[in-house]
Amino acid sequence: MPVRSRRCIWGVRFDKFLVIITGLEQINLRLGRFEANVDPRVRRPAYIRYQQLHEELDKGTIKKVTACRSLILLSFFLFVGKRIFLLQQKGERNMKNNKNLLKAMMALGALLLVAVIMLVAYNHFKPQTEQGSKEIVVEVVVPDQESKDFTINTDAEYLSQALEQENLIIGQNSDYGLFITEVNGRAADDTKQEWWCITKSGETVNTGADQTPIADGDHFEITLKTGY
Amino acid sequence: MKIKDIVIIGMLSAILVTVQVGLGFLPNVELVSALIILYTLILGRKTLYIIYIFVVLEGVIYGLGLWWFNYLYVWTVLYLIVRLLRKNSLPLFWAVISGAFGLGFGALCSIPYFITGGIPSGAAYWVAGIPFDLIHGVSNFIVTLLVFIPFQYIMKKMMSRYDTQANRP
């Protein structure tokens, strides 16, 4: 086998053409390296033609120039075959991409559906507020101190409104909702990881003070806690 | 484990913590999900180390609370989902996964409340958090869609450099 030439174009060894054209050496055509990514419908007939030319040159039935012309034509066909093959591969890739895109779009649709269901569930189950006047008791608990009860009469719907009405709390409106910093003059110290915890009759309240609805007769505790 | 692995895991964990603390002021907008998805796609199993280093550091920074026990499994759930679906490469697909994780975050975090307080307590906790879950889902979707391609490019480039250096005689 000849050493692989770097001057290999379109699957046909180009240096052999030069040999044919110059005619300096005895023509010794060997099978060139046909690249794998050529459409098989082109590669096979091209290969057969290549062998034919090789045989005819051996027998001396055709001229070198004719063989050269045929080979150039052949390499052109191989070139076209390679292009077709690459285009086909690209098409297959595109089709696969489209399929993936469809899958992703369907997943996105499912996601939106879940979001809508969650929104509906929230509106259905969220804590309901009550109209009219109510009386609630708020107990402020600070460790190592006696707890104080405050009775509040209010028309407010949410706890924070009732507390602010009595000037019992000072808070900051954050993106997460109302954040209580001070209750009945006692501020929570950030540096000591102190915070105000709201409970309703001893049970945890999952909503912030500005989202906790109140009802007549409710009992809330606001406790100073340490450590997040 | 090679020293290079330790360094890479350390660096990527540091990025994760920095990004979490840096974006902490924006409620429910985070890069952690997007980054964990990318880490899992590119690093595979080593991501578990990164996740737990991140969780421990979060505990150290913010103090231990019930939320911290959520962190012990929520990110691993995301890791497992990504491992299962790792054949997909479309950014849109991962944005959807990230968004779904954001939507489900509240539900995942309410599991301890379901266990400690029964179904009513867990359900109340979950419902109270739904508005935040919705924001989390939307923001996760958008953030992942935006950062997926550039971050993946950078990480792949870094990893390929790391690999070639590792294979150098």
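The following exercises, each with a worked solution, concern a predicted model of two chains, A and B.

Local features are taken only at pLDDT of at least 70 and side-chain atom pairs only at pLDDT 80 or more, while totals for chains, interfaces and linings use all residues. Residues are numbered from 1 along each chain as its sequence is written, chains are lettered from A in the order in which they are written, and side-chain values use heavy atoms, with hydrogens and water left out.

**Exercise 1. Describe the secondary structure of chain A and the confidence of its prediction.**

Step 1. Helices (H or I, at least four residues) and strands (E, at least two) are DSSP runs, numbered from the N terminus. Chain A has four helices and ten strands, in the order β-β-α-α-α-β-β-α-β-β-β-β-β-β.

Step 2. pLDDT is the predictor's confidence in each residue, from 0 to 100. Its average over chain A is 74, and 79% of the residues score at least 70.

Step 3. Among the elements of chain A, the lowest mean pLDDT, 47, belongs to strand 1 (residues 8-9), and the highest, 85, to strand 10 (residues 219-226). Over residues 1-12 of chain A, pLDDT stays under 50; over residues 21-34 of chain A, pLDDT likewise stays under 50.

**Exercise 2. Examine helix 3 of chain B: its length, its buried residues and what covers them.**

Step 1. Helix 3 of chain B (residues 47-62) has 16 residues. From its first C-alpha to its last it reaches 22 Å, close to the expected 22 Å, where the expected span is 1.5 Å times one less than the number of residues.

Step 2. Buried means under 20% relative accessible area, exposed over 50%, and partly exposed in between (1.4 Å probe, protein chains only). In helix 3 of chain B the buried residues include Ile50(B), Ile51(B), Phe54(B) and Val55(B).

Step 3. The cover of these buried residues includes helix 1 (3-22), helix 2 (32-43) and helix 4 (66-84) of chain B. After helix 3 of chain B comes Gly63(B), with a positive phi near 85°.

**Exercise 3. Determine the surroundings of Thr144(B).**

Step 1. Thr144(B) is located in helix 6 of chain B and, because its relative accessibility is 1%, counts as buried.

Step 2. Contact means heavy atoms within 4.5 Å. Apart from neighbours within four places in sequence, Thr144(B) is in contact with Ala34(B), Trp94(B), Ala95(B) and Ser98(B).

Step 3. A polar contact is a pair of N or O atoms within 3.5 Å; within protein, one must be able to donate a hydrogen and the other to accept it, and residues adjacent in sequence count only if both atoms are side-chain atoms. The side chains of Thr144(B) and Ser98(B) form such a polar contact, at 2.8 Å.

**Exercise 4. Characterise the interface between chain B and chain A.**

Step 1. The contact takes 30 residues from chain B and 22 residues from chain A.

Step 2. Buried area is the accessible area (1.4 Å probe) that two parts lose on being put together, summed over both. Between chain B and chain A this area is about 2000 Å², with 75% given by carbon and sulfur atoms.

Step 3. Helix 5 (91-109) and helix 6 (111-167) of chain B each supply at least two residues of the side that touches chain A. Helix 6 of chain B gives the largest share of that side, twelve residues.
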